[in-house]
Amino acid sequence: MKAFYADEQKRHDPKAFLSSGAPQPNPEKPERVERLLAGAGAAGLSVERPRELGLAPIAAIHTPEYLDFLEHIFVRWRRIEGASEEVIPNIHPIARDGAYPASAVGQAGYHMADTACPISAETFDSACWSAWSAVAAVEAVLSGERAAYALCRPPGHHAFADVAGGFCFLNNSAIAAQHFRQSAARVAILDVDLHHGNGTQGIFYARGDVLTVSLHADPERFYPFFWGYASERGEGPGLGCNFNLPLPRKSGDEAFLGALDAGLKRIRAFAPDALVIALGLDAFEGDPFGGLSVTTPGFARIAERIATLELPTTIVQEGGYLCDALSANLTSFLAAYGAAVRA
C-alpha cells in the first residue's frame, strides 16, 4: 500500500488552545507526523510526496470566500495593533445568515468555529499540502491501487465548507470523496475518529451521492457538542444518507465493533463505488482525550471488518494525539487492512 505525505505539513505549529476556558498547549503538534510516519513504515508502506495540485480539488468543497480568508488572514491580522501572534477569534455570530464583516476580527469569528484552530503564517500552505496528500491517495486508487493512505496533518473532518474548527482547516476526507466522484457515482465516508466528523456531515448533509457514517463518543457531553446525534439523518436529497453512531464514553473494542457492524450494513445498503475512511486513532484507550477505550489490537479488528466491504479505498488520517502507542495503533490498522485487501 502506498502512503502520501509532504514535509510542508509540519510547518503548521499551533501553540495553544482553550479547554474549558483555560489556555492549554495545542495537542495537534508537528511531532504527530513523525509518530505516524513511523507507524506507516512499520506497516510496510512506501511514502510518496504528492504533487502540488492548486486550489481546484480544494475549491470543489470549500467556498472561494473561505479560501481567500485562509490564505490572507494572518497578514491582515498582524496589522492590528496588539494582535495575538496567531489568529484566534474572540467573537462569533449567533447566526451566519446576516452581513459579512470587512474586518479581520469579524471574519475570524465568522470562519472559525472555536479557539482550537489558530492560524499562523504557515497554516494555509500546510493545510493545502495535507489536502493534496488526500487527493494523491485517491488518484493512486483510481490508477489501480486497491487502497492508499494519506497522512493528512493538519486533520480535516471538523472543517465545514466555510468554517475551520477543532484543529481542522480543509476537510481532507470530503475533498477525497469529491475527487472520487470523478469516476464513482456514489461514495461512502466512514469516520472512526473519537470525535464526530461534524464538518464532513455538514458538507454532504443535503446530498444523496455521498453517504456519511460516523462512529464517535456521544456528543451530549463531548466535542463537538452540537452535532453527532443519531437523529441527524440528512435533509432534502440527502435524507437518509447521514448515519451517526454515538457511543457511551469509555466504550471499548466490543462496543465499537458492534456499532461498526451497523455502519457497514448501512454502507452496503448504499452500494457505493468507493470508500473514504476518516481514520482517527484518538478512540484509543490511552489517547490524551480519553473519550473511548479501543485497544491497539482493536484497531486491527476494525480494519479487518472494514476491508470486508471490498471497495476501492482511501484512508485519510484524522485525529490521534501524542501517546506512546500512536505509532503502534497506526501500524495495527494499516497492516491489518493491507493484509485483508491482499488476501
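## A buried asparagine

A residue counts as buried when its relative accessible area is under 20%. This structure is a predicted model. In it, N198 has a relative accessible area of 2%, so N198 is buried.

N198 is found in helix 7, which spans residues 198–204. What is N198 in contact with, leaving aside its neighbours within four places in sequence? The partners are H157, H158, F160, P224 and W227.

## Strand 5 and its partners

Strand 5 covers residues 147–150. A147 and Y149 point one way from the strand. A148 and A150 point the other way. All four are buried. In a regular strand the side chains alternate between the two faces of the sheet.

Which strands pair with strand 5? Strand 1, residues 2–4, pairs with strand 5 in the parallel sense over 3 bridges. Here F4 stands opposite A150. Strand 10, residues 313–317, also runs parallel to strand 5, and 4 bridges join the two. In strand 10, I315 is the bridge partner of Y149.

## Two nonpolar cores

In soluble globular proteins, nonpolar side chains tend to be buried together. The largest nonpolar core of this model has 56 residues. Y149 is among the residues with the most contacts inside this core. The others are L190, I267, L275, I306, F333 and Y337.

I267 shows what such a residue touches. Leaving aside neighbours within four places in sequence, I267 is in contact with A188, L190, L211, V213, P272, L275, L309 and L311. A second, separate core has 51 residues, including C128, A136, A140 and A150. Strand 5 therefore has Y149 in the largest core and A150 in the second core, with the two residues pointing opposite ways, and both are buried, that is, under 20% relative accessible area.

Definitions and conventions
Residues are numbered from 1 along each chain as its sequence is written. This is a predicted model: local features need pLDDT of at least 70, side-chain atom pairs count only at pLDDT 80 or more; totals for chains, interfaces and linings use all residues. Side-chain values use heavy atoms; hydrogens and water are left out. A nonpolar core is a set of buried Ala, Val, Leu, Ile, Met, Phe, Trp, Tyr and Cys residues joined through side-chain atoms within 4.5 Å. Buried means under 20% relative accessible area, exposed over 50%, partly exposed in between (1.4 Å probe, protein chains only). Contact means heavy atoms within 4.5 Å. Two strands pair if DSSP finds at least two bridges between them.
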